[in-house]
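Grab a pencil and work through these exercises with the structure open beside you. Try each task on your own before you read the solution under it.

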Amino acid sequence: MRLSRAFLPTLKEDPADAELVSHKLMVRSGMLRKLAAGVYTILPLGWRVTRKVEQIVREEMDRAGGQELRLPILMPAELWQETGRWEKYGKELFRERDRHDRDYVLGPTHEEAITDLVRNHIRSYRDLPLNLYQIQTKFRDEIRPRFGVMRAREFLMKDGYSFHTDEAQLAASYEEMRDAYAAVFRRCGLEFVIVEADSGAIGGDVNHEFMVTAESGESLIFSSACGYAASSESAKFRVEPAPPEKEAPLTKRETPGRKTVEEVSSFLGVEPGRLLKSLVFFAGPDPVLAVVPGDRELNEAKLARVLGHPAPRLATAEEIEKLTGGPLGFTGPVGIRDGLRTILDVSVQENRNYVTGGNAPDLHLLNVRLGRDVEARERADLSTAREGDRCPRCGDVMRLSRGIEVGHIFKLGTKYSEAMRATYLDAEGNERIIVMGTYGIGITRTVAAVIEQLHDENGIAWPFSVAPYHVHVVPVNVSHPETREVAESLYAGLEKAGIEVLLDDRDERPGAKFKDADLIGVPLRVTIGERGLKDGVVELRDRKTGQVDRIPVGNAAGEVRKRVEEALRKLSPSD
């Protein structure tokens with residue numbers, strides 16, 4: 001491609017609304033333009049990269065036994081009503097209505113559509129396992145779209161679905177997908193970790209996220225030397241048993257106007273961890289009281305899993321008073337009214353004297369003990385891990401890092417197949433529920449993640465596997481006959497050899513050409529200048545390392561081809 005003919009509108013300055021490096025560089029390098037909030041046009045340079053990521057995903061999915069298809073973006077609401085997600089998915093779901101007043105969904109994911117397809121065609125255990133996938137535009141009505149394609153309302157995603165006779169067959173496919181995903185991200189030149197994660201609105205008991213390590217990542221990752229790794233939404237931590245304390249009588253204490261943990265602990269002269277923080281939520285119509293230590297944060301993703309509801313909401317002040325008899329800020333688990341389900345975090349310990357709200361205005365209770373004052377009928381992991389916590393497996397202090405989620409795999413079990421009656425007949429002729437898995441990769445998000453991990457102060461530094469071009473030929477002065485002739489000859493020779501090459505044939509200042517070259521980030525740059533030609537050489541520069549080699553003009557095409565082929569071989573599929 002000749003730059004003089006390319007639609008490649010680069011910018012010198014960062015866009016005002018961009019926060020992440022990837023967003024800034026995708027706009028500045030001419031890969032992306034905003035159409036509306038969370039909606040972007042992918043320009044030719046960006047589309048070349050996107051297609052290469054797609055191709056890597058296709059190759060690895062096909063190698064793992066997947067078959068590509070294409071499901072409709074627009075789905076009838078009836079399918080989502082069958083599984084209950086029409087009500088439970090929340091406001092991120094784009095709901096549409098046609099001229100006949102029928103409800104539809106713009107797909108954020110396609111479990112319902114694929115299950116409907118399979119239930120109408122799979123009859124026997126001989127038809128299983130089955131692995132189907134697609135690469136398609138998805139839609140989510142993000143409350144605050146930001147970070148460019150990292151959190152957009154329209155984005156490109158690969159979603160795959162597997163169907164099985166039983167959990168053992170699912171487990172085998174799950175490991176195959178785990179290996180395939182690792183291969184995808186390795187081939188994209190990324191450093192990543194696989195973490196235990198929250199299943200969110202998709203569901204399923206077992207799931208893992210693939211996180212690209214980056215300081216700009218939205219997700220927190222807890223990990224330890226033993227190999228344990230988990231996102232902040234699901235990370236567990238070791239609870240060290242506290243020494244037993246002498247039992248003291250339950251005591252009432254007025255705490256006028258003190259509602260927060262900080263206010264109460266300061267007023268009473270106790271550590272925040274001595275308080276029990278009690279929060280009222282609703283899972284649909286059902287209220288629940290969640291209790292965690294005062295020095296811990298309640299993890300809403302963990303609570304959602306315990307409740308089996310994707311988005312529990314905090315109760316209002318009026319609802320709290322109606323349920324507990326006391327105002328907001330003075331809620332506690334002692335003497336709670338019948339019918340209010342109470343769940344205590346696992347880190348709330350026996351044989352300790354706690355402070356809780358008294359379910360009355362300006363009142364707290366001291367020396368509250370589990371068993372005596374609070375019936376600990378239901379316990380669950382509800383707290384968010386924090387820096388300094390110890391690994392639940394090995395006991396070492398966990399490391400804290402940041403990551404960008406690029407892939408997510410789930411063992412769904414029978415959540416969707418049971419709701420939608422997707423069955424098969426086993427060898428004895430008995431009807432069985434199909435067991436499912438689902439697997440997603442954010443295609444456009446992966447492109448952005450590569451930039452987040454592989455850039456410097458001058459621009460992007462693409463790996464060969466997903467770079468828009470392999471070589472950027474830069475004649476310093478196109479009006480100089482010999483310079484232009486060598487550049488054109490090298491360009492033609494590389495194209496003929498199958499090397500993807502970009503030729504900067506613009507009549508621009510050398511500084512502007514070099515700045516654009518660094519910004520766009522093609523892995524190899526060949527600079528052709530009058531001084532070098534006098535010595536019979538061109539300069540070959542590695543974008544990632546900055547190393548410059550002077551190569552004889554006659555050897556340039558061969559050397560470039562050799563380096564490109566070696567680099568691509570390192571990032572190719574391994575047998």
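## Warm-up: one sheet, strand by strand

One thing to keep in mind throughout: this is a predicted model.

**Exercise 1.** Work out which strands stand at the edges of the sheet that contains E27.

*Solution.* Start with the strand order, which is E28-E27-E29-E30-E31. The sheet is open and its pairing is mixed. Next, look at the two ends of that order: strand E28 (501-503) and strand E31 (548-552) each have a single partner strand, so one side of each is left without a neighbour in the sheet. From one strand to the next, the twist averages 25 degrees.

Now zoom in on one pair. Strand E27 (residues 471-475) and E28 run parallel and are joined by three bridges. If you want a landmark, find His-472, which stands opposite Leu-502 in E28.

**Exercise 2.** Is strand E27 largely enclosed or largely open? Check its two faces one after the other.

*Solution.* Begin with a rule of thumb: in a regular strand, side chains alternate between the two faces of the sheet. On one side of E27 you'll find Val-471, Val-473 and Pro-475, and they are buried. On the other side sit His-472 and Val-474, and they are buried too. Put together, five of the five residues of E27 are buried, so the strand is largely enclosed by the rest of the structure.

**Exercise 3.** Describe the other five-strand sheet, the one with E16 and E20 in it, and find the helix that packs on it.

*Solution.* The order here is E16-E14-E15-E17-E20, again an open sheet with mixed pairing. Its edge strands are E16 and strand E20 (379-380), which each pair on one side only. Follow E20 to its partner: strand E17 (residues 341-345) pairs with E20 in the parallel sense over two bridges. In that pair, Leu-344 stands opposite Arg-379. The helix you're after is H9 (residues 317-324), which touches strand E14 (276-283), strand E15 (286-293) and E16. The direction of H9 makes about 105 degrees with that of E14.

## Buried places

**Exercise 4.** Find out how many residues of helix H1 are buried, and what covers them.

*Solution.* H1 spans residues 21-28, and six of its eight residues are buried. They are Ser-22, His-23, Leu-25, Met-26, Val-27 and Arg-28. The cover includes strands E1 (32-36) and E2 (39-42), along with helices H11 (443-453) and H13 (510-520). Strands E25 (455-456) and E26 (459-460) help cover these residues as well. Just past the helix, Gly-30 takes a positive phi of about 80 degrees.

**Exercise 5.** Is His-309 buried or exposed? Then say what it touches.

*Solution.* First locate His-309: it's in the loop between helix H8 (300-307) and strand E16 (313-314). Its relative accessible area is 16%, and buried means under 20%, so His-309 is buried. Leaving aside neighbours within four places in sequence, it is in contact with Ala-283, Gly-284 and Ala-304. A polar atom of the His-309 side chain lies 3.5 Å from the backbone nitrogen of Gly-284.

**Exercise 6.** Which residues have the most contacts inside the largest nonpolar core?

*Solution.* As background, nonpolar side chains tend to be buried together in soluble globular proteins. The largest core here has 56 residues, and Met-31, Tyr-181 and Trp-462 have the most contacts inside it. Helix H6 (residues 167-187) supplies the largest share, eight residues. Domain 1 (31-67 + 108-235 + 400-452) and domain 3 (462-570) each give at least three residues to this core. Another core lies apart from it, with 26 residues, among them Trp-80 and Phe-410.

## Odd backbone spots

**Exercise 7.** Where does Pro-129 lie, and which residues other than glycine have a positive phi near 65 or 55 degrees?

*Solution.* Most residues other than glycine have a negative phi, and most peptide bonds are trans. The bond from Leu-128 to Pro-129 is cis, with omega near 5 degrees. Pro-129 lies in the loop between helix H5 (111-119) and strand E7 (130-139).

For phi, Asn-367 is near 65 degrees; its place is in strand E19 (residues 363-368). Arg-421 is near 55 degrees, in the loop between helix H10 (415-419) and strand E22 (423-425). Asn-367 is partly exposed at 21% relative accessibility, and Arg-421 is partly exposed at 48%.

Notes:
Residues are numbered from 1 along each chain as its sequence is written. This is a predicted model: local features need pLDDT of at least 70, side-chain atom pairs count only at pLDDT 80 or more; totals for chains, interfaces and linings use all residues. Side-chain values use heavy atoms; hydrogens and water are left out. Two strands pair if DSSP finds at least two bridges between them. Helices (H or I, at least four residues) and strands (E, at least two) are DSSP runs, numbered from the N terminus. Axes are lines fitted to C-alpha atoms, for helices over the stretch in contact, and angles run from 0 to 180 degrees between N-to-C directions. Buried means under 20% relative accessible area, exposed over 50%, partly exposed in between (1.4 Å probe, protein chains only). Contact means heavy atoms within 4.5 Å. A polar contact is a pair of N or O atoms within 3.5 Å; within protein, one must be able to donate a hydrogen and the other to accept it, and residues adjacent in sequence count only if both atoms are side-chain atoms. A nonpolar core is a set of buried Ala, Val, Leu, Ile, Met, Phe, Trp, Tyr and Cys residues joined through side-chain atoms within 4.5 Å. Domain bounds come from an automatic or database domain assignment.
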